[in-house]
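Please look over the fold below. This report covers the core, one buried position and the charged pairs.

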Amino acid sequence: MGKRRLALCAGVLTVTAFGPAACAAYAADGGGVSAVPATSAPGGDIALRVTGCDAREAVAQSPALVSDARLTPDDGDGLAGDGRVRSTVTAGTYTVTVACDGAEHKGTVEVVRKQAPAAGAEPSAHPSPVAPVNAGGGGAARVLADGRERHGPGAAQTVVALALAGTAALTVHRAARRQARRGRGTG
């Protein structure tokens, strides 16, 4: 069996096997509201998205949000917008509601309190980098961090560059002489 026929058969088999299940799951969902991140601290920003809504814009409402969030079309097939969690809200799970096309879409956002570090506990990681990262530049970051600066090529690199340039010039000169001799002999 040829590669094209095999790929076509595999595609048809995949659609046949998974197509109805995906359609049924989407139809059962009917669209919903999602929040990213799903868990936020008071005062945190969240991105809201609703699917299954054909309107040009909608509003997301929740007692956890500072104000209603305006949702507009995103790159996909839904509406999206940003919201901010109230800084005075208590920890818990809150419903986010979007009224769209005469239907009500719901989702949740969980608000958690920030954990305060224990008294006398030291952070497990340094607050800022303590050494340069070996990322690109062939290790140039470590050389520059040591404070040793180098200006231009050294003597060895200069000699090699001059030798290569001389060899190239000699090769071009010889090729030009050969071509000139051939031109005189046929003329």
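Which residues have the most contacts inside the largest nonpolar core? They are Ile-46, Leu-48, Val-50, Ala-60, Leu-71, Val-98 and Val-109, in a core of 21 residues. Six strands each supply at least two residues of this core: E1 (33-36), E3 (45-51), E4 (58-61), E5 (69-73), E7 (92-100) and E8 (103-111). E7 gives the most, with four residues. In soluble globular proteins, nonpolar side chains tend to be buried together.

Note that this is a predicted model.

**Overall layout**

The chain has three helices and eight strands. Along the sequence they follow the pattern α-β-β-β-β-β-β-β-β-α-α. Buried residues account for 19% of the 187 residues. The exposed surface of the chain is about 13,900 Å², and carbon and sulfur atoms supply 58% of it. Consider the contacts between residues at least 6 apart in sequence: 50% of them join residues at least 24 apart.

**Two residues in context**

Val-109 is one of the core residues with the most contacts inside the core. What does Val-109 touch, not counting residues up to four places away in sequence? Its partners are Ala-35, Pro-37, Ala-38, Ile-46, Ala-64, Gly-92, Thr-93, Tyr-94 and Val-96.

Ser-40 lies in strand E2, which covers residues 39-40. Is Ser-40 buried or exposed? Its relative accessibility is 6%, so Ser-40 counts as buried; the cut-off for buried is under 20%. Neighbours within four places aside, Ser-40 contacts Ile-46, Val-85, Glu-110, Val-111 and Val-112. Ile-46 is on the contact list of Ser-40, and Ile-46 is also on that of Val-109.

**Salt bridges**

How many salt bridges are there? The count comes to four. Side chains of opposite charge can pair when their charged atoms come close. The table gives three of the pairs, among them Asp-45 with Arg-84.

| Pair | N to O distance |
|---|---|
| Asp-45 and Arg-84 | 2.7 Å |
| Asp-74 and Arg-49 | 2.5 Å |
| Arg-70 and Glu-57 | 3.0 Å |

Take Asp-45 and Arg-84, which meet in a salt bridge. Asp-45 sits in strand E3 and Arg-84 in strand E6 (residues 78-84), so this pair ties together parts 39 residues apart in sequence. Asp-45 is partly exposed, at 49% relative accessible area. Arg-84 is partly exposed, at 44%.

Next come Asp-74 and Arg-49, also joined by a salt bridge. Where do these two residues lie? Asp-74 is in the loop between E5 and E6, and Arg-49 is in strand E3. The pair links distant parts of the chain, 25 residues apart. Asp-74 has a relative accessible area of 24% and is partly exposed. Arg-49 is partly exposed, at 26%.

The table ends with Arg-70 and Glu-57, whose side chains meet in a salt bridge. Arg-70 belongs to strand E5, while Glu-57 is in the loop between E3 and E4, so the pair ties together parts 13 residues apart in sequence. Why does Arg-70 count as exposed? Its relative accessibility is 54%, and exposed means over 50%. Glu-57, at 46%, counts as partly exposed.

**Back to strand E3**

Strand E3 supplies at least two residues of the nonpolar core. Strand E3 also holds Asp-45, which pairs with Arg-84 of strand E6, and Arg-49, which is linked with Asp-74.

Technical notes:
Residues are numbered from 1 along each chain as its sequence is written. This is a predicted model: local features need pLDDT of at least 70, side-chain atom pairs count only at pLDDT 80 or more; totals for chains, interfaces and linings use all residues. Side-chain values use heavy atoms; hydrogens and water are left out. A nonpolar core is a set of buried Ala, Val, Leu, Ile, Met, Phe, Trp, Tyr and Cys residues joined through side-chain atoms within 4.5 Å. Buried means under 20% relative accessible area, exposed over 50%, partly exposed in between (1.4 Å probe, protein chains only). Contact means heavy atoms within 4.5 Å. Accessible areas come from the Shrake-Rupley method with a 1.4 Å probe; for residues, only the protein chains shown count as cover.
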